[in-house]
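Good morning, and thank you for the opportunity to speak. I would like to walk you through one structure, region by region.

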Amino acid sequence: MSDVVENTKEQQLLELKDAASKRLAYRNEQDTKRKALKHARFEEMREATPESGAEVELPRKRFYRQRAHSNPFSDHKLDYPKTPEDMNWKKLYPGFYDEKTGKMTQNVEIADIGCGFGGLMVDLAPHFPESNILGMEIRVQVTQYVEDRITALRRKHAEDACNFQNIAVLRGNAMKFLPNFFQKAQLKKMFFCFPDPHFKQRKHKARIITNTLLSEYAYVLREGGIVYTITDVFDLHQWMAKHLEEHPLFERLDKAWEEQDECVKIMYNATEEGQKVDRNQGSKFIACFRRIPNPEL
Ligand SMILES: C[S@@+](CC[C@H](N)C(=O)[O-])C[C@H]1O[C@@H](n2cnc3c(N)ncnc32)[C@H](O)[C@@H]1O
């Protein structure tokens, strides 16, 4: 009897090992394919530098396909700094690093949370030359696309007034590690453009605007800083507006304010998701909020 049990256990172990090695082989194969594609993309860009007299090509989205959603609660084995002081901003914004002092000459002041393919940052870049703009994105391939897009834009516009040195993307989960990246009151603007709607009631906790997260956003935003939201899902618009209105550190800005603000105009048209909504003739709902001072205790 015990021999039978031993044999079954051994058999199960062998099967587990076999499944694990198959998974590993599959992952290695995928990784090799991705590296080959990445190499191909960079070859395209290298051949087309300004020195070669040709146009710099921008990356193509079809090389960077990924599932539409990424679970914000799963452990993505993300790298994040222990504290904001540990963050290596030089790597992301080499154009604003002073070798002599070893310090950044300007800091991230604008964040695009869930930046997707990066269209908003690209359009904001020339309007905020004195601020670094960071896109935070959870999906790997999408982040890689934005990285390559920015590399290409920096090359293409190296001699122009706007050389895109002030935009960068970081793979990260904004729902988990935001205060690890930013100091208290570091940001002056935060954008939430077409966030994932998580329609089902039991999935609402995965929405990027919740009471707890709003307190984190209020922490990294300075007094007078602005939260911008836009969505094509009316229910989500109401959800975001309600949570922000109920939070003691935010006040709603009115239509007149929205109409005169240049970022609202940019946000309305710039993002890839917003352009998709236009193509489908959908509606867009905007709500903007100011970070008000902490109440005196
Ligand atoms: C519907 S897309 C909108 C993308 C972009 N803002 C636009 O308007 O084109 C939502 C994006 O948020 C990203 N995202 C979702 N949850 C996130 C999180 N917790 N942290 C960072 N990015 C997240 C998704 O991967 C996706 O790219």
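Leaving aside its neighbours within four places in sequence, which residues is Asn-211 in contact with? They are His-243 and His-247. Please keep in mind throughout that this is a predicted model.

Let me stay with Asn-211 for a moment. This residue lies in helix 6. It is exposed, because only 12 or fewer other C-beta atoms within 10 Å are allowed for that class, and Asn-211 has 10. Met-240 is 29 residues away from Asn-211 along the chain, and the C-alpha atoms of the two are separated by 9.9 Å.

Next, I turn to strand 6, which covers residues 187-193. Is this strand enclosed or open? Six of its seven residues are buried, so strand 6 is largely enclosed by the rest of the structure. It has partners in strand 3 and strand 7. With strand 3, residues 108-113, it pairs in the parallel sense over three bridges. Within that pairing, Ile-110 stands opposite Lys-189 of strand 6. Strand 7 also runs parallel to strand 6, and six bridges join the two. Here Leu-187 has Leu-221, in strand 7, as its bridge partner.

The loop between strand 6 and helix 6 holds Asp-196. UniProt, in an unreviewed entry, lists this residue under "active site". Asp-196 has 19 C-beta neighbours inside 10 Å and therefore counts as partly exposed; a buried residue would need 20 or more.

Let us now consider helix 9, residues 262-270. Its buried residues are Cys-263, Met-267 and Ala-270. Viewed down the helix axis, the buried residues fall within an arc of 85°, so they line one face of helix 9. Which elements cover them? The cover includes helix 3, strand 6, strand 7 and helix 10. Strand 6 thus appears again, as part of what covers helix 9.

Finally, I come to the ligand. How many residues surround it? The number is 22, and the closest are Gly-114, Gly-116, Ile-138, Thr-271 and Glu-273. Strand 4, helix 5 and helix 10 each supply at least two residues of this shell. The largest share, three residues, comes from helix 10, an element that also helps to cover the buried residues of helix 9. By character, the shell divides into eleven nonpolar, six polar and five charged residues.

Thank you for your attention.

Note on methods
Residues numbered from 1 in each chain as written. Predicted model: local features only at pLDDT ≥ 70, side-chain atom pairs only at ≥ 80, totals over all residues. UniProt positions renumbered as here; feature names shortened; annotations may be inferred. Helix = DSSP H or I, 4+ residues; strand = E, 2+ residues; numbered from the N terminus. Near = placed C-beta within 6 Å. Nonpolar A, V, L, I, M, F, W, Y, C, P; charged D, E, K, R; others polar. Arc of directions from axis to C-beta. Contact = placed C-beta atoms within 7 Å. Pairing = 2+ DSSP bridges.
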